[in-house]
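Reader: Please take a close look at the surroundings of the ligand, and follow the helix that matters there outward to its packing partners. Which parts of the chain are involved, and how are they arranged?

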Amino acid sequence: MELSTALLLGFVLLGLLWWKKLTRPKGFPPGPPALPIFGNMLQMGFNLKDLRKMSKAYGPVFSIYMGFTPAVVVRGIKDLKEVLVTKGIEFADRPQNRLIKIVSGARGLVFATYGRAWKEHRRFTLSTLRNFGLGKKSMEERICEESTYLIEELRNNKDTLYDPHFVISNAVSNIICSIAFGKRYEYEDPTFRNILKALNEHMKMVFGFWGQLYNLLGFIKYLPLAHQKIFKNIKIIFAFLGKILEEHKKSRVPGQPQDYIDCYLEELDKEQEDGNQSTFDEENLFTCMLDMFVAGTGTTSASLEWCLLYMILHPDIQEKCRDEINKIRGDREHLDYEDRVGMPYTQAVLQEVQRCASVVPLGAPHSTIKDVQLNSYTIPKGTVIIPDLSSVHYDESQWKYPHEFNPENFLNEEGDLVKVDSFLPFSAGPRSCLGENLARMEIFLFFTTILTHFKFYWPDTKPPPDCTPVFGPSQTPKRFLMRLVPLT
Ligand code: HEM
């Protein structure tokens with residue numbers, strides 16, 4: 001056979017292979033045609049607008065190709081409820097890819113595959129968080145103590161144009177660090193600041209273009225391209241957590257657990273004594289530490305930054321919240337978490353911030369544990385599911401004011417707080433956010449303490465704030481400066 005014929009045959013075969021790989025199976029949700037190698041990645045541009053556009057063309061359940069891997073995007077309350085709640089177990093697995101395998105290895109909490117290990121670790125973590133005071137006074141005390149440091153730091157910057165990003169991240173991260181690792185970090189601590197920087201960059205890159213490219217083309221691992229930053233940041237974060245774990249192993253007093261790591265090490269002792277076939281081991285502990293640190297830092301601090309930005313943009317709403325806070329607080333230093341029950345307006349404002357900001361717009365990817373029917377389509381076992389949580393937050397059929405910041409979205413005529421089904425910042429169902437209660441408590445207590453002590457403004461000299469979020473697994477506002485005026 002001549003070389004040219006052999007080459008032609010090769011191309012035809014390759015084309016057929018691509019065509020087969022990129023042809024949607026029978027009964028699979030429709031979607032845009034996909035390119036070889038990249039699938040639909042180049043059309044998506046990594047933002048929500050493109051998903052919205054595709055949904056207009058293909059409906060609330062449609063499919064895209066990430067490379068050669070098909071994924072089903074689910075939008076709208078009806079189909080999201082079915083995926084997350086009604087058929088929650090069928091959709092409760094997590095997909096794995098190259099980076100997830102390096103970082104989590106299907107262990108821990110967030111990217112653990114559905115099964116006994118994930119169930120036991122989720123149950124253990126929830127109960128440990130509860131025992132360390134979540135829902136009880138001592139958890140509140142940790143947050144209130146951290147608020148005192150935060151207020152002091154803000155006060156030191158009262159006469160400057162102030163960027164709150166790092167201090168808010170540090171204060172929020174200190175809460176999960178205190179529960180999980182038994183320590184907090186000073187705001188001036190340069191080492192911890194570098195860890196937070198690495199974490200921030202890691203989250204943006206892993207789910208951005210370079211992370212996706214590496215997942216697609218593993219051979220680029222050793223090329224000197226931007227994705228090397230991902231490996232560098234993983235190394236920094238792993239070294240930080242590894243050191244904490246080693247310190248705990250050396251210094252803990254058995255029978256007297258001080259934090260989450262100690263509790264887990266106690267569990268390991270117990271399992272060894274009982275000789276049980278356990279799912280608890282050191283690798284799982286490490287991944288749980290990583291998951292709580294990562295999931296508990298960026299999401300909550302981004303939510304608080306959004307709270308500040310929206311209050312700067314709406315000084316009248318800021319004032320109304322402060323009035324309600326002061327009325328309930330009376331002469332006390334700060335509010336208790338249970339005071340929220342009598343504060344419908346402030347609660348509505350915080351929920352409205354979460355709705356408008358949609359901090360975790362696409363949740364975390366799910367995957368099917370068996371073949372399952374959804375909206376007349378057949379989704380095969382192992383399919384990646386992308387739940388577009390943000391889609392319900394701006395749905396015109398669900399909200400009084402879908403496209404404006406308006407706390408009335410969560411209030412009835414009498415000014416009482418109403419429960420809205422289409423509000424899913426923490427997702428729902430068996431795989432929903434494990435830190436929801438902790439995050440709610442942090443946001444309420446940090447927010448009300450800041451408002452008690454300061455008024456904050458947009459500096460007159462700057463152009464009006466830009467609320468376009470920086471897209472990522474957690475959407476942050478663009479960095480902004482504010483002016484703080486102390487009230488106490
Ligand atoms: C405002 C703050 C937060 C938001 C908006 C948020 C949102 C979310 C969302 C949307 C998911 C994915 C749920 C799904 O797959 O259906 C998730 C999962 C998770 N979150 Fe959060 N989260 C926040 C704070 C926290 C905190 C403080 C922690 C710390 C413990 C935490 C720990 C987790 C964990 C461990 C998971 C994985 C649960 C599992 O797969 O079983 N989150 N979160």
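Author: Helix 13 gives the largest share of the shell around the ligand, namely five residues. The model in which this is seen is a predicted one, and the shell as a whole counts 27 residues, with Arg94, Arg122, His366, Ser427 and Cys433 as the closest. By residue class, the shell divides into 14 nonpolar, ten polar and three charged residues.

The iron atom of the ligand has Cys433 as its only protein donor, through SG at 2.3 Å, and Cys433 itself sits in the loop between helix 16 (390-393) and helix 17. Oxygen atoms of the ligand also have polar partners in the protein: an N or O atom in the side chain of Arg431 is 2.8 Å from one ligand oxygen, a polar side-chain atom of Trp118 lies 2.9 Å from a ligand oxygen, and a polar backbone atom of Leu109 is found 3.3 Å from an oxygen atom of the ligand. The elements that supply two or more residues to the shell are helix 6 (116-131), helix 13 (282-313) and helix 17 (436-453).

From the ligand one can turn to the packing of helix 13. With helix 14 (residues 315-329), helix 13 packs at an angle of about 110 degrees, the axes being 5 Å apart, and that angle makes helix 13 roughly perpendicular to helix 14. In this contact Met311, Ile312 and Leu313 of helix 13 meet Pro315, Ile317 and Gln318 of helix 14, a set that divides into five nonpolar residues, one polar and no charged.

The second partner to consider is helix 15 (residues 344-357), which packs with helix 13 at an angle of about 105 degrees, with 10 Å between the axes; helix 13 and helix 15 are therefore roughly perpendicular to each other. On the side of helix 13 the contact involves Ser303, Trp306, Cys307, Tyr310 and Met311, and on the side of helix 15 Val349, Leu350, Val353, Gln354, Cys356 and Ala357. The residues of this contact divide into nine nonpolar, two polar and no charged. Met311 thus appears in the contact with helix 14 and also in the contact with helix 15.

Helix 14 leads on to helix 17, one of the elements named for the ligand shell. The axes of helix 14 and helix 17 come within 9 Å and cross at roughly 95 degrees, and these two helices are therefore roughly perpendicular to each other. Helix 14 contributes Gln318, Cys321, Arg322, Ile325 and Arg329 to the contact, while helix 17 contributes Phe447, Thr448, Leu451 and Thr452. Here the residues divide into four nonpolar, three polar and two charged. Gln318 of helix 14 takes part in the contact with helix 17, and Gln318 also meets helix 13.

Methods
Residues are numbered from 1 along each chain as its sequence is written. This is a predicted model: local features need pLDDT of at least 70, side-chain atom pairs count only at pLDDT 80 or more; totals for chains, interfaces and linings use all residues. Side-chain values use heavy atoms; hydrogens and water are left out. A residue is near a molecule or strand if one of its heavy atoms lies within 4 Å of it. A polar contact is a pair of N or O atoms within 3.5 Å; within protein, one must be able to donate a hydrogen and the other to accept it, and residues adjacent in sequence count only if both atoms are side-chain atoms. Helices (H or I, at least four residues) and strands (E, at least two) are DSSP runs, numbered from the N terminus. Ala, Val, Leu, Ile, Met, Phe, Trp, Tyr, Cys and Pro count as nonpolar, Asp, Glu, Lys and Arg as charged, and the others, Gly among them, as polar. Donors are N, O and S atoms within 2.8 Å of the metal (3.2 Å for Na, K and Ca); water is not among the atoms, so sites may look incomplete. Axes are lines fitted to C-alpha atoms, for helices over the stretch in contact, and angles run from 0 to 180 degrees between N-to-C directions. Angles under 35 degrees count as roughly parallel, over 145 as roughly antiparallel, 65 to 115 as roughly perpendicular and the rest as oblique. Contact means heavy atoms within 4.5 Å.
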